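Colleague: Hi! Got a few minutes to walk me through this model?
Modeller: Sure, let me put it up for both of us.

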Amino acid sequence: MADYKSYLDNLVEGKPVDNPFLDFMGIQVEEIREGYARLSMEIRPEFLQGAGNIQGGLSIALSSETAAHAVMTILNPGEDMVTVELKNNFLATASKGCLVAESTIFKRGRTLIIVDSIVRDEQGKDISRSSATLMVLGGR
């Protein structure tokens, strides 16, 4: 099981963490607190598909990563997690600038956690909305 508390503390303090995906995607931490995470990502030219908009899976990846970080804030020592379902609605396109994802815990049950997420562009326009279900492993 991961030590999520130390991981999140280091991440928020800007110290190196073992998450190559964040580096690969250029994802930055904006805010993390209990039950909530806000992460951002600059749209790079290589993120665009043929029509000149961000490839949809990349905004979903940002949403998924943000949801996981919100869940990390409420896990007990010895608990781990895995995403079991993620539903996404695309609401608008984006082709430049920064995307910001916000995720909030909707409900924690004994084994399942439901997280709501929204991705917006830097003008505040809604780009996509997701609902994720994560399963708690171990603990309790």
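Colleague: Is T111 buried or partly exposed?
Modeller: T111 is partly exposed, because its relative accessible area is 34% (buried means under 20%, exposed over 50%, partly exposed in between, with a 1.4 Å probe and protein chains only). Before we go on: this is a predicted model, where local features need pLDDT of at least 70 and side-chain atom pairs count only at pLDDT 80 or more, while totals for chains, interfaces and linings use all residues. Residues are numbered from 1 along each chain as its sequence is written, and side-chain values use heavy atoms, with hydrogens and water left out.

Colleague: Thanks! Where does T111 sit?
Modeller: T111 is in the loop between β4 and β5. Helices (H or I, at least four residues) and strands (E, at least two) are DSSP runs, numbered from the N terminus. The C-alpha atoms of T111 and M135 are 5.5 Å apart, with these positions 24 residues apart in sequence numbering.

Colleague: And L48, which loop is that in?
Modeller: L48 belongs to the loop between β2 and α3. L48 counts as partly exposed because its relative accessible area is 30%. From L48 to L58, ten residues apart in sequence, the C-alpha distance is 9.4 Å.

Colleague: Speaking of α3, how many residues does it have?
Modeller: Helix α3 covers residues 56-72, so 17 residues, and reaches 25 Å from its first C-alpha to its last, close to the expected 24 Å (1.5 Å times one less than the number of residues). Of those 17 residues, 13 are buried, so α3 is mostly covered.

Colleague: What caps its N-terminal end?
Modeller: Q55 does, with a side-chain oxygen 2.7 Å from the backbone nitrogen of G57.

Colleague: Which element gives the most to the largest nonpolar core?
Modeller: That's α3, with seven residues. The core has 35 residues, and M41, I54, L62, V71, M81, L99 and I113 touch the most other members. A nonpolar core here is a set of buried Ala, Val, Leu, Ile, Met, Phe, Trp, Tyr and Cys residues joined through side-chain atoms within 4.5 Å.

Colleague: Switching to strands, is I127 buried or exposed?
Modeller: I127 is buried, because its relative accessibility is 2%. This residue lies in strand β6, and its C-alpha is 9.7 Å from that of G56, 71 residues away along the chain.

Colleague: How about I105?
Modeller: I105, in strand β4, is buried as well, with a relative accessible area of 18%.

Colleague: Last topic: how much space lies in the largest pocket?
Modeller: About 200 Å³. A pocket is an open set of points on a 1 Å grid over the protein atoms alone, where a 1.4 Å probe fits, with protein on both sides within 12 Å along at least five of seven lines; lining residues have an atom within 4 Å of a point. The volume is the space filled by probe spheres set on the points, which are joined across faces, edges and corners.

Colleague: Which residues line the largest pocket?
Modeller: Among them are L11, K15, P16, D23, I27 and V29. β1 gives the largest share of the lining, three residues.

Conventions:
A polar contact is a pair of N or O atoms within 3.5 Å; within protein, one must be able to donate a hydrogen and the other to accept it, and residues adjacent in sequence count only if both atoms are side-chain atoms.
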